[in-house]
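The following report describes selected packing and backbone features of one protein chain. The sequence and the structure are shown first.

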Amino acid sequence: MALLPSPPCSPFHHRGAPSPLLAPTAASARHRRGSLRLAAAGSRSGTTAAPKPRPPAASRRRCECFDLHRQLVPYGEAYCWQKSIVERRKGLLDSGEDHSDTLIALQHPPVYTLGTRSKKEYLHFDMEDAPFEVHRIDRGGEVTYHGPGQLVMYPIMNLKYHKEDLDWYFRSLEEVIIRALKSAFSIKAARVEGLTGVWVGNQKVAAIGIHGSRMIVYHGLALNVTTDLAPFTMIDPCGIKDRGVGSIKEILRKASGEGEIDDALLMDIAYDSMIKEFAELFHLSLDFSPDCSFQ
């Protein structure tokens, strides 16, 4: 399977649900309750920003949220969806009408993605005989893997309404993950100096990659919840050779000694915690879209 370039993206229309991973629940994720707090083996703690006073709801910037966290969306479709939203948002910049950010939460079928300048030396397979699809896209960073059981979140943010600083944005996304893991699972995660992402001990549990144009940033983060980690052995994830990859499920299993953990419940809890921390840190009011459509 040869390298797939960034797909040509026409205006994206998505009505109804993409390929299902699990049947949708009767209640949406944002109305579920419950937690799974198991003491987990921690790591060095990263610097955690002190919580800021919560602004009144009326002063929060709107963020349209597309909840597909239980569904598999082909990578090419999600990429075109993002690009369509970004192009529309760019058209609103000059008139000052870009009044809303966007958050897409989903999972992908197995796929490898390479950043703009990713090196093929980090792939341990022949590009003409790849085990899964391989896409080269316009984000920064090296190769990574996406697959079922991994919560992928694509915020499309106008940093002019937040802080015009890409380093701040990277650190803020890391902070969302660190807070979510602590609040939902009592997992002590951390940053590693000089690297991007979130770690528990020597294992990377979340990767981050973005692209920005006119201060509108897209792509995002991938958190290993119940992910099969075997496909990571076919690459040097993010170009890092001396550290491993982990998942929430494996961390909790090792900490608790329990054999089975409900994968769907774990994903729901991770999603609930992530969007809560995301909205709080960026001071956003989440507006959940009833379906997935872009005009």
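## Charges over rings

Arg61 lies over the face of Tyr161, with 4.1 Å to the ring centre. A second case is Arg243, placed over the face of Trp199 at 5.3 Å from the ring centre. A charge is taken to sit over a ring if NZ of Lys or CZ of Arg is within 6 Å of the ring centre and within 35 degrees of the ring normal.

The model is predicted, and local features need pLDDT of at least 70, side-chain atom pairs count only at pLDDT 80 or more, and totals for chains, interfaces and linings use all residues. Residues are numbered from 1 along each chain as its sequence is written, and side-chain values use heavy atoms, with hydrogens and water left out.

## Overall architecture

The secondary structure of the chain comes to 4 helices and 11 strands. These elements are DSSP runs numbered from the N terminus, with helices (H or I) of at least four residues and strands (E) of at least two. Of the 295 residues, 53% count as buried; buried means under 20% relative accessible area, exposed over 50%, and partly exposed in between, with a 1.4 Å probe and protein chains only. Among contacts (heavy atoms within 4.5 Å) with a separation of 6 or more, residues 24 or more positions apart account for 79%.

## Aromatic pairs

Rings of Phe, Tyr and Trp (its six-membered ring) pair if their centres lie within 6.5 Å; planes under 30 degrees apart count as stacked, over 60 as edge-to-face and the rest as tilted. The count by this rule is 10 aromatic pairs. Two of these pairs are set out below.

| Pair | Centre to centre | Angle between planes | Class |
|---|---|---|---|
| Tyr75 and Tyr79 | 6.4 Å | 20° | stacked |
| Tyr169 and Phe282 | 5.9 Å | 50° | tilted |

Tyr75 and Tyr79 are separated by about one helical turn, because they stand 4 residues apart in helix 1 (residues 75–93). Both tyrosines, Tyr75 and Tyr79, are buried.

In the pair of Tyr169 and Phe282, the former lies in helix 2 (residues 166–185) and the latter in helix 4 (residues 263–282), so the pair ties together parts that are 113 residues apart in sequence. Tyr169 is buried, with a relative accessible area of 0%, and Phe282 counts as buried at 3%. Elsewhere, Tyr112, Phe125, Phe132, Tyr145 and Phe232 form one aromatic cluster.

## Helix 2

Helix 2 is largely enclosed by the rest of the structure, because 14 of its 20 residues are buried. The expected span of a helix is 1.5 Å times one less than its number of residues. For the 20 residues of helix 2 this gives 28 Å, and the end C-alpha atoms are 29 Å apart, which agrees.

The N-terminal end of helix 2 is capped by Asp165, which has a side-chain oxygen 2.9 Å from the backbone nitrogen of Asp167. Following helix 2 is Ser186, with a positive phi near 55°.

## Helix 3

Which residues of helix 3 (residues 248–256) are buried? They are Ile248, Lys249, Ile251 and Leu252. Seen down the axis of helix 3, the buried residues fall within an arc of 165°, so they line one face of the helix; the arc is that of the directions from the helix axis to the C-beta atoms. The buried residues of helix 3 pack against helix 2, strand 7 (198–200), strand 8, strand 9 and helix 4. Just after helix 3, Gly257 takes a positive phi of about 80°.

## Positive phi in loops

Arg214 is not a glycine, yet its phi is positive at about 55°. Arg214 lies in the loop between strand 8 (203–213) and strand 9 (216–224) and is partly exposed, with a relative accessible area of 41%.

Cys238 also has a positive phi, near 60°, in a residue other than glycine. The place of Cys238 is the loop between strand 9 and strand 10 (244–245), and Cys238 counts as partly exposed at 24% relative accessibility.

## Contacts of Arg60

Arg60 is located in the segment before strand 1 (61–72). Is Arg60 buried or exposed? At 14% relative accessibility, Arg60 counts as buried.

The side chains of Arg60 and Glu280 are joined by a polar contact of 3.4 Å. A polar contact is a pair of N or O atoms within 3.5 Å; within protein, one must be able to donate a hydrogen and the other to accept it, and residues adjacent in sequence count only if both atoms are side-chain atoms. In addition, a polar atom of the Arg60 side chain lies 3.1 Å from the backbone oxygen of Leu284.
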